[in-house]
Amino acid sequence: MRTIRSYQTLFIVALQIPFILLLIGLALANKTMDTREGEDVTLKCRFNEHYSDREYSYYWAQQSPNKYDNVAIKGDTFNPNYKIDYRPNQGIYDLQIFNVSYARDNGRFECRIKQIGSDNAIYEDYYNLTVLTPPQPPLIFPGSETTATEDKKQELTCSSVGGSPDPTISWYREGSTTPLAANLIYGGSRDMQTTSTLTIIPRREDDGAKFTCVVWNRAMPESQRLETVTTLSVR
């Protein structure tokens, strides 16, 4: 009986291995690349197998919140700022992007190879291309002075417009380096605001307490932060 169960266990594990390897492969293929306006970048699509262009189709596509478009098919591109290094016999199908712009290039790029006549990709590679933009200085609502009532819930909302990627927003109480728990809502694009709402129950001893909102994203130097402060007045 134990032998049968052991074989059943081995069989189940064997069935799971291809799925696990597929997940690992997808995770490894999903790359992140940062760039800035006006720069040139190359998205590399490399493969070991040499697929004949007579039997397989090659293309690059771009996905963003509002669109999904092919940007290249085989060696042809649909934008003068894009160029393809098309050498399938050497396992190379790279997309070169010149004079990067946020509006055109910020988003997810996909390299795919499909057998002609089939919808199934035999090779895929993905890049999340982020065109870095620093966020704007933060603003606090109600303002730099916040009047609150003792033992009554009070919300402090810090917002920052723009930024690519969406910025992180952290709250700190004066005298502490531990970030406070707050509700963070990402804007999703550099034209929208990211907000973080801190909810407190003020006590009498909190009168005069200062709360600092700190904003940062990868477009900024590691040592730089954008900050603003509100002072609590408890009635």
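Where is proline 165 found? Proline 165 sits in the loop between strand S12 (154–161) and S13. The model described here is predicted.

## Backbone exceptions

Most peptide bonds are trans, and most residues other than glycine have a negative phi. A few places in this chain depart from that pattern. The bond from serine 164 to proline 165 is cis, with omega near 0 degrees. Another cis bond runs from phenylalanine 141 to proline 142, with omega near 15 degrees. Proline 142 belongs to the loop between strand S10 (139–141) and S11.

Lysine 74 is not a glycine, yet its phi is positive, at about 55 degrees. This lysine 74 lies in the loop between strand S4 (67–73) and strand S5 (76–77).

## The four-stranded sheet

Strands of a sheet pair through backbone hydrogen bonds, either parallel or antiparallel. One open sheet here has four strands, in the order S11-S17-S16-S13, and its pairing is mixed. S11 and strand S13 (168–173) are the edge strands, each pairing on one side only. On average, neighbouring strands of this sheet are turned by 25 degrees against each other, direction ignored.

Take the pairings in order. Strand S11 (residues 145–148) runs parallel to strand S17 (residues 226–234), with four bridges between them. S17 is antiparallel to strand S16 (residues 210–216), through six bridges. S16 and S13 are also joined by six bridges, in the antiparallel sense.

Which residue of S17 is the bridge partner of glutamate 145? The partner is threonine 231. Lysine 210 has threonine 231 as its bridge partner in S17 too. Between S13 and S16, tryptophan 171 stands opposite cysteine 213 of S16.

## The three-stranded sheet

A separate heading suits the sheet with the order S2-S7-S6. This sheet is open, has three strands and pairs antiparallel. Its edges are strand S2 (41–43) and strand S6 (82–87), and each pairs on one side only. Neighbouring strands are turned by 20 degrees against each other on average, direction ignored.

S2 and strand S7 (residues 92–97) run antiparallel and share three bridges. One contact to look at in the structure is leucine 43, whose bridge partner in S7 is leucine 95.

## The largest pocket

How much space lies in the largest pocket? The volume is about 410 Å³. Its lining comprises 20 residues; Pro65, Tyr102, Asn106, Gly107 and Gly188 lie nearest the centre. Four elements give two or more residues to this lining: strand S3 (56–64), helix H2 (102–105), strand S8 (107–115) and strand S9 (121–131). S9 gives the most, with three residues.

By class, the lining has eleven polar, five nonpolar and four charged residues. Why does the pocket lie between domain 1 and domain 2? Both domain 1 (31–131) and domain 2 (139–234) give residues to the lining, so the largest pocket lies between them.

## Aromatic pairs

A pair of aromatic rings is described by the distance of the centres and the angle of the planes. The count for this model is seven aromatic pairs. One of them joins phenylalanine 47 and tyrosine 123: the ring centres are 5.7 Å apart and the planes stand at 55 degrees, so the pair is tilted.

Phenylalanine 47 lies in the loop between S2 and S3, while tyrosine 123 lies in strand S9, so this pair ties together parts that are 76 residues apart in sequence.

Technical notes. Residues are numbered from 1 along each chain as its sequence is written. This is a predicted model: local features need pLDDT of at least 70, side-chain atom pairs count only at pLDDT 80 or more; totals for chains, interfaces and linings use all residues. Side-chain values use heavy atoms; hydrogens and water are left out. Two strands pair if DSSP finds at least two bridges between them. On a 1 Å grid over the protein atoms alone, a cavity is a set of points where a 1.4 Å probe fits but cannot get out, and a pocket is an open set with protein on both sides within 12 Å along at least five of seven lines; lining residues have an atom within 4 Å of a point. Grid points are joined across faces, edges and corners, and a volume is the space filled by probe spheres set on the points. Ala, Val, Leu, Ile, Met, Phe, Trp, Tyr, Cys and Pro count as nonpolar, Asp, Glu, Lys and Arg as charged, and the others, Gly among them, as polar. Domain bounds come from an automatic or database domain assignment. Axes are lines fitted to C-alpha atoms, for helices over the stretch in contact, and angles run from 0 to 180 degrees between N-to-C directions. Rings of Phe, Tyr and Trp (its six-membered ring) pair if their centres lie within 6.5 Å; planes under 30 degrees apart count as stacked, over 60 as edge-to-face and the rest as tilted.
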